[in-house]
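Got your viewer open and your selection box ready? Let's walk through this one stop at a time.

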Amino acid sequence: MCSQRWIVGIMALLIMLAPMTFPASAMDGDLLLEILLEKGILTKEELIQIKAEEKKREAAKAAAQTRKKPEIEVGVKKEKQAVVKASESSKKKSGVQVGYGKKGFTLATTDGLFKTKIQWRTQARYSFPERSDPRNKSAFEDNEESTFELRRIRLKVGGHGYRPWLKYYLEVDWQPGRDFDDDSEAASARMIDWRIMLEKYPWAKLRVGQWKINYNRERVDSSGKQTMVERSIMNRVFTIDRQIGMMLYGRVNPGTLLDANYYLGIFSGGGRGMAKNDDDNMMYMGRLQWNVFGRELKWRQSDVKFHKKPTASISFGAYTNKGKCTRWSSGGCGNLSGFDKPADVKDGRYQVSGMQVGSAMKYRGFAWQHETHWKRVKDTEAVAGGRVTKLFGGYFQAGYFPHSLIPFVPKPLEVAFRYSHVDPNTDAGGDMRQEFTTGLNWFFAGHRNKLTLDASHLTLENETPGLKAYAEQRVRLQWDVSF
């Protein structure tokens, strides 16, 4: 009986293992069980028990296979989730941040590769009895003018792209200025600045485009960062203003006794907005600036930041150009008094060269700057006999926040003084112009929001020796604000 039970056990084990070991065609488990039942080796109860065990085993196997599938699906799902997270992380890195700072509204990607700053600026000005600088006898003797104007309405856009050192800047002027006899089209907007800068290395940078050339400090200082309402009377005569071209510049030996900035440029020489040159001659410009105390002085006026250490510079600059222009301004190529207009002269008629020395300093609320200019204009026309005109001029200016010395004086108040002179022809007499200007500034938010009041005494030497000079007093009030 015991041996029979052993045989039954072995047979049942073979039956259960048969589906895993042999194909269905080699052995049929149900048929074998039926034979064993027929031979009396298995009872009916044992046959039912064996089949029940076999069904449980098959159910367990099916359940195991079912459990394996979700594991695969879960693995795929996890992989998909990882991809989604990576995508979200990538999106997060390339997202956009919006903010506002001292240079206006900012749009920047979170990876730091792109950044754009947008700012509006305007100057609301009142002038009496002249809105500009009188330059001749008739201007000193004309009727008085009481003028409100939007002197500048600027849109500034700047930032960097692809790399933090690949920078750009553009500026549009929307000033609605025109004379009574001009059409309304004369008040159209104009692109005054556009440039791209490669500034990866502090000692060697490259700039291409159109901008106020880095020749003299007073002109390069933004009109929104001036101490007085407007630049001095010498600016119109001696600046080379905006030009189209390229410039190599940088700073060497920072923080040492030989700390210096250099600027070397080549330009078309036609001024702002000139699509082409009038001949094959170019304008060449160079400026060397020594940073006396090993600290660089920013291109702006008034010591708003209250320098705790003295910061100063001494500069030398020179340029030369051959073309139709005898002067330049934000309006482009122009002519000095006594010279023909660019539209009326031949290409390359005037050989113009200039030189300047300047200084600037800021320390504990005190700001100083000065420039001395020399200019030479040669008329190469045969009818003019190679006439050479030499010009000389300059200015010095100082501003101070009295609060530093007298505590009860309001901290935002600055007082300032400027003297400027222009001799349009050093070989002739009776044409010297001078400016004496005093000013008050109230800074609400630095140069970004300020109120300026200045008063000027302007003179023109009388052409008749011994007679009193022509004179005029002018008052200007201006609110300069940036958003």
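## First stop: the enclosed spaces

The largest cavity holds about 80 Å³ of space. To find it, select Gln301, Ser302, Ala367, Trp368 and Gln369, which are the closest to its centre among the 17 residues that line it. Keep in mind as you go that this is a predicted model. Now colour E14, strand E15 (366-379) and E16: these are the elements that give two or more residues to the lining of the largest cavity. By type, that lining divides into 6 nonpolar, 6 polar and 5 charged residues.

How many cavities of 30 Å³ or more does the structure hold? There are 3 of them, so let's visit another.

The second largest cavity has about 50 Å³ of space. Select Arg217, Arg287, Ser313, Ser315, Gly358, Ser359, Ala360, Gln369, His370, Glu371 and Tyr395 to show its lining. E11, E14 and E15 each bring at least two residues to that wall. The lining here splits into 2 nonpolar, 6 polar and 3 charged.

## Zoom in on Ser313

Stay with one residue of that lining, Ser313. You'll find Ser313 in strand E11 (residues 311-323). Is Ser313 buried or exposed? Ser313 counts as buried because its relative accessibility is 3%, and the cut-off for buried is under 20%. Show its surroundings next: beyond its neighbours within four places in sequence, Ser313 is in contact with Arg217, Gln289, Trp290, Asn291, Val292, Leu297, Gly358, Ser359 and Ala360. Arg217, Gly358, Ser359 and Ala360 also appear in the lining of the second largest cavity.

## The nonpolar core

Next, select Ile240, Met247, Phe267, Met285, Tyr319, Trp328 and Val377. Of the 34 residues in the largest nonpolar core, these touch the most other members. To see where the core comes from, colour helix H6 (235-238) and strands E8 (242-252), E9 (260-267), E10 (283-291), E14 (350-363), E16 (388-400) and E19 (449-460), the elements that give two or more residues to it. In soluble globular proteins, nonpolar side chains tend to be buried together.

Centre the view on Tyr319. Leaving out residues up to four places away in sequence, Tyr319 touches Tyr215, Ile240, Met283, Tyr284, Met285, Trp328, Val352, Ser353, Gly354 and Lys375. Ile240, Met285 and Trp328 are on the list of core residues you just selected.

## The disulfide

Now pick out Cys325 and Cys333. The structure holds 1 disulfide, and it joins these two cysteines, with an S to S distance of 2.0 Å. Turn the view to look along the S-S bond: the link is left-handed, at -125°. What about the two ends? Cys325 counts as buried because its relative accessibility is 3%, whereas Cys333 is partly exposed, with a relative accessible area of 23%.

## An open pocket

For a space that is a pocket, select Arg135, Ser337, Pro424, Asp431 and Arg433, which lie nearest the centre of the second largest pocket, out of 15 lining residues. That pocket has a volume of about 330 Å³. H6 and E16 each supply at least two residues of its lining, which divides into 7 nonpolar, 4 polar and 4 charged.

## Last stop: Arg152

Finish in strand E4 (residues 147-161), where Arg152 sits. Arg152 is buried, because its relative accessible area is 7%. Draw a distance from its C-alpha atom to that of Arg121, 31 residues apart along the chain, and you'll get 7.5 Å. Besides Arg121, the residues Arg152 touches include Thr122, Gln123, Arg125, Asp173, Gln175, Ser223, Glu230 and Arg231.

Note on methods:
Residues numbered from 1 in each chain as written. Predicted model: local features only at pLDDT ≥ 70, side-chain atom pairs only at ≥ 80, totals over all residues. Heavy atoms only, no water. Core = buried A, V, L, I, M, F, W, Y, C linked by side-chain atoms within 4.5 Å. Buried < 20%, exposed > 50% of the residue type's maximum accessible area, 1.4 Å probe, protein only. Helix = DSSP H or I, 4+ residues; strand = E, 2+ residues; numbered from the N terminus. Contact = heavy atoms within 4.5 Å. Disulfide = S-S within 2.5 Å. 1 Å grid on protein atoms, 1.4 Å probe; cavity = no way out; pocket = protein on both sides within 12 Å on 5 of 7 lines; lining within 4 Å. Points joined across faces, edges and corners; volume = space filled by probe spheres on them. Nonpolar A, V, L, I, M, F, W, Y, C, P; charged D, E, K, R; others polar.
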